[in-house]
Amino acid sequence: MSLRRFVLRRALAVVPVLFGVSAVTFGLFHLTPGDPVSQVVALNPDVSAAEEARLRERWGLSGPVWRQYLEWLSNVLVGDFGREIRTGRAVSGIVWRRLPETIALGIFGWLFAVAIAIPTGIYAAVNKGKLGDVASRVLALSGVSIPNFWLGLLLILVFSLYLGLFPVLPPSRLPLYHPETLRYLLLPGVTVGTAAAASLMRVMRTSMAEELNAEYVTAARARGLPERTVVFKHVLRNSLVSVVTLAATLTAGIVAGSVVVESVFNWPGLGSEFVQAIDRREVNVVMAITLVTAVAVVVANFLADVLYAVLDPRIRYD
């Protein structure tokens, strides 16, 4: 199968995935009791039953769930995510305003994970069984085991409250392109990227160690090639195939983890907005953020599949 046909097949598979995620999320959200109108009525006891019914009709909350979903989906297909029921703000505006902060946090987390995992994994594989290898495995196990929220609180306690190196909470409106932003981004970025770094490092070490024992590596060494050339020119590319696959899978973990991390650090991204929207029962906001998150995860997996096929052409024929 050609690479173009492989990419086309993977791209077409994205559509039913996004459709399924939106349908399941919409259904599950409506299975929980209460809605925004109920909360408005609870705060305003003078609202009559007729007025409550009118509000539900106005905001598309009356009728069966499947009809509400089809109406929501038809609007989304033309770029209309609806409005926040309590304030009347356009949901697309809320998402676009919060999205840069979440992207910045995710990119920082990824850069931190890759910067730590790749060199550490290579070092551990080349020095397998030595003290550095054992230390790296202990750190990787710790990184995978520590929950995001606990690590975030620990970093705040040590580096913000005790040492005073970083501010505790960011300002309400963060200028992303200002150098000062890095001080606010560092701790949540490390928190969201730690688990991914630990997982990537373990896979990198295992994959690299297996490749170092392969016959072609023995042959390369027998030809007198320097060990650095063997490791970085012959072994590294083959080892990265497994890492790329895991990297796409970990995207979901970073995106999901950012919801908790943003809440812990009061980071003004989609995650903290998502938590507040669930509490307010704002279905349009929840669905919009869920769909944006699903698109990010699906696109990351799609790009990983393509890169995987480029690194190992045999995959196109599976």
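**Helices and aromatic pairs in a predicted model**

Q: Where does arginine 281 take a positive phi?
A: Arginine 281 sits just after α11, and its phi is about 60°. This is a predicted model, and every value here is computed from it.

Q: Which residues of α11 are buried?
A: Leu270, Gly271, Ser272, Glu273, Phe274, Ala277 and Arg280 are the buried ones.

Q: What describes two packed helices?
A: The angle between their axes and the distance between the axes describe them. For α5 (residues 91-126) and α11 (residues 270-280), the angle is about 135° and the axes are 8 Å apart.

Q: Why are α5 and α11 called oblique to each other?
A: Set the angle of about 135° against the cut-offs. Roughly antiparallel needs over 145, and roughly perpendicular covers 65 to 115. The value fits neither class, nor the under 35 degrees of roughly parallel, so the pair is oblique.

Q: Which residues make the contact between α5 and α11?
A: On α5 they are Ile94, Val95, Arg98, Leu99 and Thr102. On α11 they are Leu270, Gly271, Ser272, Glu273 and Gln276. By class, this contact has 4 nonpolar, 4 polar and 2 charged residues.

Q: Why does serine 22 count as buried?
A: Its relative accessibility is 4%. Buried means under 20%, so serine 22 qualifies. Serine 22 lies in helix α1 (residues 3-31).

Q: What makes the link between the side chains of serine 22 and tyrosine 69 a polar contact?
A: The two side chains are 2.7 Å apart at this contact. The limit is within 3.5 Å for a pair of N or O atoms, so the distance passes. Beyond four places in sequence, serine 22 touches Tyr69, Trp72, Met287 and Leu291.

Q: How many aromatic pairs does a search of the whole structure find?
A: The search finds 5. One of them joins phenylalanine 19 and tyrosine 69, at 6.1 Å centre to centre and 70° between the planes.

Q: Why is the pair of phenylalanine 19 and tyrosine 69 called edge-to-face?
A: Planes over 60 degrees apart count as edge-to-face. The planes here are 70° apart, so the name fits. Phenylalanine 19 is in α1 and tyrosine 69 in α4 (residues 65-77), 50 residues apart.

Q: Why do phenylalanine 19 and tyrosine 69 get the labels partly exposed and buried?
A: Phenylalanine 19 has 46% relative accessibility, which falls between the 20% and 50% cut-offs. Phenylalanine 19 is therefore partly exposed. Tyrosine 69 has 8%, so it is buried.

Q: Why is the pair of phenylalanine 26 and tryptophan 72 called tilted?
A: Its planes are 35° apart. Stacked needs under 30 and edge-to-face over 60, so this pair is tilted. Phenylalanine 26 lies in α1 and tryptophan 72 in α4, so the pair ties together parts 46 residues apart in sequence. Both residues are buried. Phe19, Phe26, Tyr69 and Trp72 form one aromatic cluster.

Q: How do you know that alanine 288 is buried?
A: Its relative accessible area is 0%. The cut-off is under 20%, so alanine 288 is buried. Alanine 288 is in helix α12 (residues 283-311). Leaving aside neighbours within four places in sequence, alanine 288 is in contact with Phe81, Val91 and Val95.

Q: How many helices and strands are there in the protein?
A: There are 12 helices and 0 strands. Buried residues make up 41% of the 318 residues.

Methods: Residues are numbered from 1 along each chain as its sequence is written. This is a predicted model: local features need pLDDT of at least 70, side-chain atom pairs count only at pLDDT 80 or more; totals for chains, interfaces and linings use all residues. Side-chain values use heavy atoms; hydrogens and water are left out. Axes are lines fitted to C-alpha atoms, for helices over the stretch in contact, and angles run from 0 to 180 degrees between N-to-C directions. Helices (H or I, at least four residues) and strands (E, at least two) are DSSP runs, numbered from the N terminus. Contact means heavy atoms within 4.5 Å. Ala, Val, Leu, Ile, Met, Phe, Trp, Tyr, Cys and Pro count as nonpolar, Asp, Glu, Lys and Arg as charged, and the others, Gly among them, as polar. Buried means under 20% relative accessible area, exposed over 50%, partly exposed in between (1.4 Å probe, protein chains only). A polar contact is a pair of N or O atoms within 3.5 Å; within protein, one must be able to donate a hydrogen and the other to accept it, and residues adjacent in sequence count only if both atoms are side-chain atoms. Rings of Phe, Tyr and Trp (its six-membered ring) pair if their centres lie within 6.5 Å; planes under 30 degrees apart count as stacked, over 60 as edge-to-face and the rest as tilted.
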